[in-house]
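Hi everyone, thanks for making time for this. I'd like to walk you through one structure today, strand by strand at the start and then outward. Please have a look at it first.

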Amino acid sequence: MTPHLALEHLWSLAACAPDALGDIHFEGQDPGLPSVYRVGTLACATIGAAALAAAECHALRTGQRQRIDVSMRRALAVFRSERYLRIDDGPAPELRDPLMGFYETRDGRWIQLHTNFPHHRLGVVNVLGCANDRDAVAAAIRGWEGAELDRALADAGLCAALIRSPREWQDNEQAAAVAALPHFEIERIGPAAPMPIGSDANPVADRPLAGTRVLDLSRIIAGPVAGRTLAQHGAQVLLINGPHLPNIAPLVIDNGRGKRSALLDLREPTDADRLRELAAGADVFLQAYRPGALAARGFAPEDLARIRPGIVYVSVSAYGHQGPWAQRRGFDSLVQSASGIAWTEREAVGGTAPKHLPCRALDHATGYLAAFGAMVALLRRVHEGGSWHVRVSLAQTGRWLQSLGLLEDGWRAPDVGLDDVRDLMQTMASPFGTVLAAAPAESMSLTPARFASPPHPIGADEPRWVES
């Protein structure tokens, strides 16, 4: 499986014109990082799909086609962007809570805890009935059967995953639900007249998404990567956070490039009304809450299609929108653990503890697929009209990665440190200091991907659109 073949598969699923595939070129082959999975192929194909969709948007507006180049080395640097991030030449950012990680259970199974938010950490400690430190947690977990603890933590709304083999995952009811879904979905959800890309009918644009407005209601990696990708192709992206919701500062910085940032509390009627007003002027509404969470507050896809006919609503979830785990909280590493990826990586190296991928590949790939789907829907809106719903999930992306096949000795590839990729970084002054971060991976001959602004602190901007 090569990057171009993987991209062809995505392109055909989106029913895009096959002739455009001649405009994109790939360089490099797996393994680009130490893994038995084809992470580099996944990175190139998903980044390439988003770049090619952006080029199609630009071609539709201007009649100009362009060449796109994606190197695997650059793509993998972007897939590790949060690892390479530096502020004012300081140390690597701390992204993990000390309790996060793998623990052995009484029956010799392994379970992963995800405790990067304080309330998730406290919830785990309360379920275990132990002190709030790693040794106490490890001792408490050794008193539990693995499957029993997995259920108890999920029932408590906490973030954990029992380590499963691929065969064990296939026997799980949620795996069957995921297997019934394509890699992504683009569904028409309402009527609307055809409309151009951008804020007016002028076909001349210096950037593919110039004049396009995006509301980004997402945190951590997958959803924010989608918003960041739309921003680097010229969209006006307004990030909306709740003032009570936790964040991880380095991820705010890395994924906030090109965005403005505002606060709205959807528990407050006036703030909910303000979000509806913003949605009435938006082209894309991107959200990464659990399925149904925003619908309960009046922001279901169909609700927004009535408010703003022609909107493209993008939903990002962990385990998909169908099946018994649709409401289960999840993150990239947990999906890796539950679905057999962490088990397979361990088996390859002959280790004892499970082993994750060398990057948050499911997060990043899902983010690029979300941006790709959004742009495909915008293209369809030009010709067909309609309001659209794009759905992606980490589990669907993980299933696709697993289907690409394994590299027997891929785990022997050398790791790649910051000094190995400094030529792929860019710097920008920001309110946080001088940011060193991975530059966009795609090279586009007419509309180079770039960020029009540095990351903004959460809530630094007013919740309004800026007239262009």
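Let's begin in the middle of a sheet: strand S11, residues 284-287, pairs with S12 in the parallel sense over 4 bridges. When I say strand or helix, I mean DSSP runs numbered from the N terminus, with E and at least two residues for a strand, and H or I and at least four residues for a helix. Two strands pair if DSSP finds at least two bridges between them. To give you one residue pair to look for, Gln-287 has Ser-315 in S12 as its bridge partner.

A quick word on what we're looking at: this is a predicted model, where local features need pLDDT of at least 70 and side-chain atom pairs count only at pLDDT 80 or more, while totals for chains, interfaces and linings use all residues. Residues are numbered from 1 along each chain as its sequence is written, and side-chain values use heavy atoms, with hydrogens and water left out.

Now, which strands make up the whole sheet, and in what order? There are 7 of them, running S7-S13-S12-S11-S8-S9-S10, in an open sheet with mixed pairing. S7 and strand S10 (259-263) are at the edges with a single partner strand each, so one side of each has no neighbour in the sheet. On average, neighbouring strands here are turned by 20° against each other, direction ignored. That angle comes from axes, which are lines fitted to C-alpha atoms (for helices over the stretch in contact); angles in general run from 0 to 180 degrees between N-to-C directions.

Follow S12 to its other side and you reach S13. Strand S12, residues 312-317, pairs with S13 in the parallel sense over 6 bridges, and Tyr-313 stands opposite His-389 in S13. Strand S7 (residues 185-190) pairs with S13 too, in the antiparallel sense and over 5 bridges. There, Arg-188 has Trp-388 in S13 as its bridge partner.

Is S13, residues 387-393, largely enclosed or left open? Of its 7 residues, 6 are buried, so the strand is largely enclosed by the rest of the structure. Buried means under 20% relative accessible area, exposed means over 50%, and partly exposed is in between, using a 1.4 Å probe and protein chains only.

There's a helix on this sheet as well. H12, residues 269-280, lies across strand S8 (213-217), S9 and S11, and runs at about 145° to S8.

Next, the nonpolar core, meaning a set of buried Ala, Val, Leu, Ile, Met, Phe, Trp, Tyr and Cys residues joined through side-chain atoms within 4.5 Å. The largest one has 104 residues, and those with the most contacts inside it include Phe-79, Val-312 and Tyr-319. A second, separate core has 19 residues, among them Ala-262 and Trp-465. Back to Tyr-319: beyond its neighbours within four places in sequence, its contacts (heavy atoms within 4.5 Å) include Trp-169, Trp-325, Arg-328 and Ser-393.

Let me turn to the other sheet I picked out. Here 3 strands form an open, antiparallel sheet in the order S4-S5-S6. Strand S4 (101-104) and strand S6 (160-162) are the edge strands, each with a single partner, so one side of each is left without a neighbour in the sheet. The twist averages 25° from one strand to the next. S4 and strand S5, residues 110-113, are joined by 4 bridges, and Gly-101 has Leu-113 in S5 as its bridge partner. Helix H7 (residues 146-155) lies across S5 and S6, at about 155° to S6.

Finally, some backbone details. Most residues other than glycine have a negative phi, and most peptide bonds are trans. Asp-30 and Pro-31 are joined by a cis peptide bond, with omega about 0°; Pro-31 is in the loop between strand S1 (24-27) and helix H2 (39-62). Asp-88 has a positive phi of about 55°, and Asp-89 has one of about 60°. Asp-88 sits in the loop between strand S3 (86-87) and S4, as does Asp-89. Asp-88 is partly exposed, at 47% relative accessible area, whereas Asp-89 is exposed, at 73%.

That's my tour, and thanks for listening!
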